[in-house]
Amino acid sequence: MKKKLLIIADKLEKVNLKSDSSIALAEAAITKNWEVFWCEDKNIHFLNEEIYLNQLNEIKEINVNKVNYEQRKQSLVSFSFFDYCFIRKDPPFNEEYKDLCWILATQTKVKIINPAEALLAYHEKALHWKALSSGVINKNNVISTCLSEDIFIIENYIKENENLFIEGIVCKPWLGHGGEDVQLFSNLDHLINFLAKHSTHNILKQKYLVQPYLKEIHSEGDRRVIIADGVIIGDFVRIPEKGKIASNLAQGGTAILRDMSNEQIKICESIALFLKKMNIVFAGLDLIGNKIGEINITSPTGLRTVESLTGKKINNIAFDLMVRN
């Protein structure tokens, strides 16, 4: 009997077939004779103490220009019908995303990657702080950070650490994603003027994350390291578009190959083992020099990018590692 994979992601018709890692994983599953199904979070329901799905699409074939699929005619399909479930919904990690994880966290029969409990527990901009607290990495491997919605707290943090901000100040919303709304300010006054426009009585409408600008982002780039079940399976460097600070490919960044240093390899291997112990199976680790920017565990990307740069079908490697336990 064929094994069955469910991918919970965004609307199938909107997926970029040439770059999407979810499609790459679906393709790998099909080549290994799995049945692959796709749905959105709105199609997940809880009935009579069990999880059910409706409007389920079965992917039959994937080619360069099109995904051929059929919609299941049954009104409801039990979640236990599947062997594995990949949560691949793109951020933001909003109320709908949390609702999805809370529902999925109620069951134990189907192997979910990454586990809903881990997605609820660990913010991708904060997971490396857990690694620091656990002694997996040291302070030299993290970027000094202030996370607050209080402008006075942010202002005092920068004044007390002014030697870190000689090159500039990076500011981004805590719940931002994909490099959106990442801004660079040349001095404290410019930052405070920006924050004041988004606050009431010096309290911001949302939390902002403030860090010193690392000039390595333009000289060395932002490295994406792809990790599956504790194994480093690929990496590449993203160079920001001229005039931008965000290096994400969706923000115009350029991907290139560049060897990791021995120190970077050591950091990545330590994080890979840490993630495996945390039961986080698939992740995208971002490095600027020897410092970790974040660890993406919601919907890690980069499989197609590595394939285009190296010719290696690492989607097959990733899939095998993700379902080997």
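**Entry 1: strand 2 and its partners**

I began with V36 in this predicted model, and I looked up its bridge partner in strand 5, which is I59. I then noted that strand 2 and strand 5 (residues 57-62) pair in the antiparallel sense, over 3 bridges. For strand 1 (residues 4-8) I found the parallel sense instead, with 5 bridges joining it to strand 2, and there I7 stands opposite W38. Following the chain from strand 1 through helix 1 (residues 21-31) to strand 2, I recorded a right-handed β-α-β unit.

**Entry 2: which way the side chains of strand 2 point**

I next asked how many residues of strand 2 are buried. The answer is 5 of its 5 residues, and I therefore wrote the strand down as mostly covered. Sorting them by direction, I saw E35, F37 and C39 pointing one way, while V36 and W38 point the other way, and all of these are buried.

**Entry 3: F37 and F82**

I turned to the aromatic rings and counted 12 aromatic pairs. For F37 and F82, I read a distance of 5.5 Å between the ring centres and an angle of 70° between the planes, so I entered the pair as edge-to-face, the cut-off for that class being over 60 degrees. The pair links distant parts of the chain, since F37 belongs to strand 2 (residues 35-39) and F82 to the loop between strand 7 (77-78) and strand 8 (84-87), 45 residues apart. I also checked how covered each ring residue is: F37 has 0% relative accessibility and counts as buried, and F82, with a relative accessible area of 4%, is buried as well.

**Entry 4: F86 and F319**

I went on to F86 and F319, whose ring centres lie 6.1 Å apart with planes at 65°, so this pair is edge-to-face too. It again links distant parts of the chain, with F86 in strand 8 and F319 in helix 10 (residues 314-322), 233 residues apart. I noted both F86 and F319 as buried. Tracing the ring pairs further, I found that they link W34, Y84, F86 and F319 into a cluster.

**Entry 5: H128**

Last, I asked whether H128, a residue of helix 4 (residues 127-133), is buried or exposed. Its relative accessible area is 1%, so I entered H128 as buried, because the cut-off for that word is under 20%. Leaving aside residues up to four places away in sequence, I listed what H128 touches: I137, V142, I292, G293, E294 and I295.

Key: Residues numbered from 1 in each chain as written. Predicted model: local features only at pLDDT ≥ 70, side-chain atom pairs only at ≥ 80, totals over all residues. Heavy atoms only, no water. Helix = DSSP H or I, 4+ residues; strand = E, 2+ residues; numbered from the N terminus. Buried < 20%, exposed > 50% of the residue type's maximum accessible area, 1.4 Å probe, protein only. Contact = heavy atoms within 4.5 Å. Phe/Tyr/Trp six-rings, centres within 6.5 Å; stacked < 30°, edge-to-face > 60°. Pairing = 2+ DSSP bridges. Right-handed = clockwise from strand over helix to strand, strands pointing away.
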